[in-house]
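Let's take a look at the empty spaces in this one, and then check in on the cysteines.

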Amino acid sequence: MTSGEPVRPPRLRPGDRVAVVAPSGPLVPERLDRGLDVLRGWDLDPVAAPHARGTHATLGYLAATDEERARDLQEAWCDPSVKAVFAARGGYGAQRMVDLLDWDALRAAAPKPLVGFSDVTVLHEAFAVRAGVSTLHGPAVAGEVFLKDDATREHLRRTLFTPEAVRTLVSPSARPLVPGRARGVTLGGCLAMLATELGTPQARRGAAGGLLLLEDTGEPPYRIDRALTQLLRAGLLDGVAGIVLGSWARCGPYERVREVLVDRLGGLGVPVAEEFGFGHGDSALTVPLGIPAELDATAGTLTFEGPATTL
């Protein structure tokens with residue numbers, strides 16, 4: 001495991017070659033084609049990984065075998081001509097392949113932006129803990145939200161090319177669940193994936209001093225309660241500086257979800273912002289992970305000490 005603040009990757013520039021991988025579930029081919037066209041419109045040179053359009057022969061919820069998906073990610077990350085790696089979608093499967101990656105080789109390669117969310121939370125955590133690289137909790141390029149929402153695409157584009165222009169994240173829907181300010185390094189992502197990572201050999205030991213991002217989809221309130229309770233019982237939230245809550249799409253009436261969030265998180269004694277506009281919602285901010293930031297839960301802002309990527 002690495003220690004200290006993660007290394008920021010270089011920003012993208014027009015003409016850069018980028019790779020699109022499917023580390024988890026299979027894709028809708030037409031959506032992948034459209035996502036690649038968007039990246040071309042940004043003056044990038046996108047290349048789909050060899051198994052990005054695949055489907056596992058027997059387990060149809062996987063894009064390819066674990067070894068094939070791991071090899072696609074490994075080759076993209078270690079290819080010096082590739083300047084960023086985008087996840088085409090989430091789904092399920094990153095847990096199955098993350099330990100097949102050669103982490104010595106990944107650490108030796110030059111850092112680059114890794115973009116994704118949902119199941120890709122497993123990879124965000126792995127790159128932070130095992131490789132010491134900051135990543136981007138952002139939309140999947142073959143996902144419906146990326147393809148239909150201009151604001152989602154534009155925020156990701158600016159984060160990749162001109163990150164100094166988006167150092168302060170503001171969501172019009174954000175409000176304080178618990179008011180106050182907190183400083184720390186951002187981490188987290190999909191609640192269910194963070195809970196299932198607990199107890200695995202390479203998992204993060206705790207979020208002490210950090211600003212923890214949490215969101216999910218399709219989880220009824222009692223399962224959100226179960227996952228949060230697991231984080232609490234495992235000590236992951238001990239010493240957390242603040243919490244930023246994103247979308248809870250298809251999790252039932254938000255009033256019921258909010259009751260769980262208040263019950264499980266409201267007593268921690270730290271600032272908590274809710275409805276911050278990242279995750280599985282109809283529009284999604286890109287949030288850098290592994291970057292020091294200040295959360296103002298009362299104002300609904302998250303301000304980073306520096307840009308997500310370097311010059």
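The second largest cavity comes in at a volume of about 60 Å³. Keep in mind that this is a predicted model. Around that cavity sit His 155, Thr 159, Pro 163, Val 166, Arg 167 and Leu 169, along with Thr 286, Pro 288, Phe 304, Gly 306, Pro 307 and Ala 308. Sorted by character, the lining of this second largest cavity splits into seven nonpolar residues, four polar ones and one charged.

How many cavities of 30 Å³ or more are there? The count comes to three. The largest cavity has a volume of about 80 Å³. Its lining is made up of Glu 125, Leu 187, Gly 188, Leu 194, Glu 197, Leu 198, Ala 203, Arg 204, Leu 212 and Leu 236. Two elements, β8 (181-190) and α8 (191-197), each give two or more residues to that lining. By type, the lining of the largest cavity has six nonpolar, one polar and three charged residues. The charged ones are Glu 125, Glu 197 and Arg 204.

Now for the open space. The largest pocket has a volume of about 800 Å³. Its lining runs to 38 residues, and the ones nearest the centre are Phe 117, Ser 118, Thr 217, Arg 250 and His 280. The elements giving two or more residues to this pocket are α6 (144-148), α8, β9 (210-217) and α9 (221-234). So where does α8 turn up? It contributes two or more residues to the largest cavity and also to the largest pocket.

Here are the three spaces side by side.

| Space | Volume | Lining by type |
|---|---|---|
| Largest cavity | about 80 Å³ | six nonpolar, one polar, three charged |
| Second largest cavity | about 60 Å³ | seven nonpolar, four polar, one charged |
| Largest pocket | about 800 Å³ | 17 nonpolar, 10 polar, 11 charged |

On to the cysteines. A disulfide is a covalent bond between the sulfur atoms of two cysteines. This structure holds zero disulfides. Why is Cys 190 not in one? The closest cysteine sulfur, in Cys 251, is 9.1 Å from the sulfur of Cys 190, so the two are too far apart for a bond; the cut-off is 2.5 Å. Seen from the other side, Cys 251 is in no disulfide either, and its nearest cysteine sulfur is that of Cys 190.

Are these two cysteines buried or exposed? Cys 190 counts as buried because its relative accessibility is 4%, under the 20% limit. Cys 251 is buried too, with a relative accessible area of 2%.

Definitions and conventions
Residues are numbered from 1 along each chain as its sequence is written. This is a predicted model: local features need pLDDT of at least 70, side-chain atom pairs count only at pLDDT 80 or more; totals for chains, interfaces and linings use all residues. Side-chain values use heavy atoms; hydrogens and water are left out. Buried means under 20% relative accessible area, exposed over 50%, partly exposed in between (1.4 Å probe, protein chains only). On a 1 Å grid over the protein atoms alone, a cavity is a set of points where a 1.4 Å probe fits but cannot get out, and a pocket is an open set with protein on both sides within 12 Å along at least five of seven lines; lining residues have an atom within 4 Å of a point. Grid points are joined across faces, edges and corners, and a volume is the space filled by probe spheres set on the points. Helices (H or I, at least four residues) and strands (E, at least two) are DSSP runs, numbered from the N terminus.
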